Amino acid sequence: MNTIESDVAGTFQQDDKFENLWTSAPILIPLVDIELPISYVDLTPEKDNLFIKEAEDALTCFFELNSIYKLKVAPHIFENFVEYCSYIDEKDIPEQMNRIQPLSVWNFVHPTHVFVNRRPNNDKDIYVILACECDWDKEHGLQLVFRQGKKLTRVSDQDGHLTEADAYDIPDSEDQLLADF
């Protein structure tokens, strides 16, 4: 089995079925204070020799995000919850989530995995994705996306897009969180 050694996240093993997916053992993610596996996505080392260095830089920044930053991004997660609720019948909102406050939204978010991926177009930057289950959207979950691991640039369901600009085919300048980076 092929491996990649990371000074930041340990050993990544190549997936048996998907040769461009490499996954580490679970490690502590300070932002959420739990251990999660990390996967490099769409990585063919011989085709993108900068990926590993840029991914390590992004993970180093991501590991510096802590509980204070967690509280800072809570309103964005709460906004995702409110938007989701606007599309469903009120009776479908989990009872325990009635009248929640923005900072308590984290009680209903359950991180499962960290992914690191290169945006295929525009900035071609490295993004760190914190994939989560959430109590309000059990089917699609939640993803928090951090450009270069430094700053939150997207909160959405797990739709496979790294930016709102890519998801909705709009200019980067019209993607508010991305433009604020």
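In the predicted model, eight strands form an open sheet in the order β1-β2-β3-β6-β7-β8-β9-β10, and their pairing is mixed. Strands β1 (3-6) and β10 (151-156) are the edges, each pairing on one side only. From one strand to the next, the twist averages 25°. Helix α2 (residues 67-87) packs on this sheet. The helix touches β7, β9 (142-147) and β10, and its direction makes about 25° with that of β10.

Strands β7 (residues 109-118) and β8 (residues 126-134) run antiparallel and are joined by nine bridges. Within this pair, H113 stands opposite A131 of β8. The antiparallel arrangement continues from β8 to β9, where six bridges are found. Here C132 stands opposite L142 in β9. Strand β9 also pairs with β10, again in the antiparallel sense, over five bridges. In that pairing, S156 of β10 is the bridge partner of Q143.

Strand β9 is largely enclosed by the rest of the structure, because six of its six residues are buried. In a regular strand, side chains alternate between the two faces of the sheet. In β9, L142, L144 and F146 point one way, while Q143, V145 and R147 point the other way. All of these residues are buried, on both sides of the strand.

The connection from β9 to β10 is a hairpin with three residues between the strands. Its turn holds Q148, whose phi is positive, at about 55°. Q148 is a residue other than glycine. With a relative accessible area of 21%, Q148 is partly exposed; the buried class requires a value under 20%. A positive phi is also found at R99, about 65°, and this residue is not a glycine either. R99 lies in the loop between α2 and β7. Its relative accessible area is 80%, so R99 is exposed.

Helix α1 (residues 51-64) has the span expected of its length. Its 14 residues should cover 20 Å at 1.5 Å a residue, and its end C-alpha atoms are 20 Å apart. The buried residues of the helix are F51, A55, E56, A58, L59, F62 and F63. Viewed down the axis of α1, they fall within an arc of 165° and therefore line one face. K53 and E64 are exposed on the other side of the helix. The buried residues pack against several strands: β1, β4 (27-29), β6 (38-40), β7, β8 and β9.

Side chains of opposite charge can pair when their charged atoms come close. The whole structure contains 10 salt bridges. R118 takes part in a salt bridge with D48, the closest N and O atoms lying 2.7 Å apart. This pair links distant parts of the chain, with R118 in strand β7 and D48 in the loop between β6 and α1, 70 residues apart. R118 also forms a salt bridge with E54, where the closest N and O atoms are 2.8 Å apart. E54 belongs to helix α1 and R118 to strand β7, so this pair ties together parts that are 64 residues apart in sequence. E54 is partly exposed, at 26% relative accessible area.

A further salt bridge joins the side chains of R154 and D159, at 2.8 Å from N to O. The two partners fall in separate accessibility classes: R154 is buried at 1% relative accessibility, whereas D159 is partly exposed at 31%. A network of salt bridges links R119, D123, D125, R147, D166 and D172. One member of this network, R147, is among the buried residues of β9.

Toward the other end of the sheet order, S24 is placed in strand β3 (residues 22-24). S24 is buried, with a relative accessible area of 5%. Apart from neighbours within four places in sequence, S24 is in contact with A9, T11, F12, P37 and I38.

Notes
Residues numbered from 1 in each chain as written. Heavy atoms only, no water. Pairing = 2+ DSSP bridges. Helix = DSSP H or I, 4+ residues; strand = E, 2+ residues; numbered from the N terminus. Axes fitted to C-alpha atoms, helices over the stretch in contact; angles between N-to-C directions. Contact = heavy atoms within 4.5 Å. Expected span 1.5 Å × (residues − 1). Buried < 20%, exposed > 50% of the residue type's maximum accessible area, 1.4 Å probe, protein only. Arc of directions from axis to C-beta. Salt bridge = Lys/Arg side-chain N within 4 Å of Asp/Glu carboxyl O.
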